[in-house]
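Let's take a walk through this protein together, beginning with how far to trust the coordinates and ending with a few unusual spots in the backbone. Keep the viewer open as you read.

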Amino acid sequence: MPEIHIEEFYKDAAKVLIQLYNSFPRKSAVFVEDISGADTPDEFGLHSVRHQACFAAMIWLSEEGLIRFVDTIRQEAIDQAVLTQPAFLKLNSLAVNQVVSPTLQRFITALEESGDAMPNTAMSNIQLIKKALHKATSTQLAELMQCILFAPAQP
């Protein structure tokens with residue numbers, strides 16, 4: 001089971017990818033508060049650790065080639081952000097192409113049993129991420145994001 005800050009990282013990454021997928025191919029600003037919630041800087045103007053971690057997750061996604069952006073707006077947002085082509089393809093690929101853990105397979109089965117997914121019907125990774133954000137545990141979401149982010153490239 002991942003530690004809480006790792007689960008928050010995966011949740012932040014999922015939300016950033018969904019936001020950019022929903023605006024693709026338009027460039028857009030991604031505000032930290034839209035991803036991790038409101039934050040009030042302290043008397044020195046420093047943001048909370050949670051806010052800083054979310055901002056760092058956005059930078060990490062860029063450094064790993066999943067998103068690109070033109071500039072940052074202080075530590076408040078990334079500006080003119082867009083998915084990269086490899087990220088777009090990864091999000092659009094079918095979830096059945098991923099190596100699925102037993103925990104994640106139970107989540108997919110539960111989606112099928114509840115009628116949120118059709119049995120034996122392939123969902124794209126982005127569809128699965130959207131459903132997981134609303135219905136999965138943080139551990140299930142973390143496992144899903146691991147499968148998607150770190151899966152080898154499909155031929």
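pLDDT is the predictor's confidence in each residue, on a scale from 0 to 100. You will want that score at hand, since this is a predicted model. The mean pLDDT of the protein is 86, and 86% of its residues reach 70 or more. Among the elements, strand 2 (residues 67-68) has the highest mean, 98, while helix 5 (residues 102-114) has the lowest, 73. Where pLDDT is low, predicted coordinates should not be read in detail.

Now for the overall plan. The protein has seven helices and four strands, and along the sequence they follow the pattern α-β-α-α-β-β-β-α-α-α-α. Of the 155 residues, 39% count as buried.

A good place to start is helix 1, which runs over residues 4-23. This helix has 20 residues and reaches 29 Å from its first C-alpha to its last, close to the 28 Å expected at 1.5 Å a residue. Its buried residues include Phe-9, Tyr-10, Ala-13, Val-16, Leu-17 and Leu-20. Look at the spacing in that list with one rule in mind: an α-helix has 3.6 residues a turn, so residues three or four places apart point the same way. The buried set also holds Glu-7 and Asp-12.

At the other end of the chain, helix 7 (residues 138-150) has 13 residues and spans 18 Å between its first and last C-alpha, close to the 18 Å expected. Helix 7 is mostly covered, with ten of its 13 residues buried. Among them are Leu-141, Leu-144, Met-145, Cys-147, Ile-148 and Leu-149, along with Thr-139, Gln-140 and Glu-143.

How do aromatic side chains link these parts? There are five aromatic pairs in the count. In one of them, Tyr-21 and Phe-88 have ring centres 6.0 Å apart and planes at 20°; a pair counts as stacked when the planes are under 30 degrees apart, so this one is stacked. Because Tyr-21 lies in helix 1 and Phe-88 in helix 4 (residues 85-92), the pair ties together parts that are 67 residues apart in sequence. Phe-88 has a relative accessibility of 24%, so it counts as partly exposed.

A second pair has another geometry. The ring centres of Trp-60 and Phe-150 are 6.2 Å apart and the planes stand at 75°, so this pair is edge-to-face. Trp-60 belongs to helix 3 (residues 49-63) and Phe-150 to helix 7, so the contact joins parts 90 residues apart in sequence. Trp-60 is partly exposed at 25% relative accessible area, and Phe-150 is also partly exposed, at 47%. Ring pairs link these two residues with Phe-9 and Tyr-10 into a cluster.

Next, look for empty space inside. Two cavities of 30 Å³ or more are counted, and the second largest has a volume of about 30 Å³. Which residues line this second largest cavity? They are Leu-17, Leu-66, Ala-87, Lys-90, Leu-91, Ile-148 and Leu-149. Helix 4 and helix 7 are the elements that each give two or more residues to the lining, and helix 4 supplies the largest share, three residues. By class, the lining has six nonpolar residues, no polar ones and one charged residue. Two of the lining residues, Ile-148 and Leu-149, appeared above among the buried residues of helix 7.

The loop between helix 2 (32-36) and helix 3 holds Gly-37 and also His-47. With a relative accessible area of 10%, His-47 is buried. His-47 and Glu-76 are 29 residues apart in sequence, with their C-alpha atoms 9.4 Å apart. Gly-37, at 27% relative accessibility, counts as partly exposed.

Finally, turn to the backbone. Most residues other than glycine have a negative phi, and most peptide bonds are trans. Against that background, a cis peptide bond joins Phe-24 and Pro-25, with omega about 5°; Pro-25 sits in the loop between helix 1 and strand 1 (28-31). Arg-74 has a positive phi, near 45°, and lies in the loop between strand 3 (71-73) and strand 4 (77-83). At 63% relative accessibility, Arg-74 counts as exposed. Gln-80 also has a positive phi, about 55°, but its place is in strand 4, and at 36% relative accessibility Gln-80 counts as partly exposed.

Terms used: Residues numbered from 1 in each chain as written. Predicted model: local features only at pLDDT ≥ 70, side-chain atom pairs only at ≥ 80, totals over all residues. Heavy atoms only, no water. Expected span 1.5 Å × (residues − 1). Buried < 20%, exposed > 50% of the residue type's maximum accessible area, 1.4 Å probe, protein only. Phe/Tyr/Trp six-rings, centres within 6.5 Å; stacked < 30°, edge-to-face > 60°. 1 Å grid on protein atoms, 1.4 Å probe; cavity = no way out; pocket = protein on both sides within 12 Å on 5 of 7 lines; lining within 4 Å. Points joined across faces, edges and corners; volume = space filled by probe spheres on them. Nonpolar A, V, L, I, M, F, W, Y, C, P; charged D, E, K, R; others polar.
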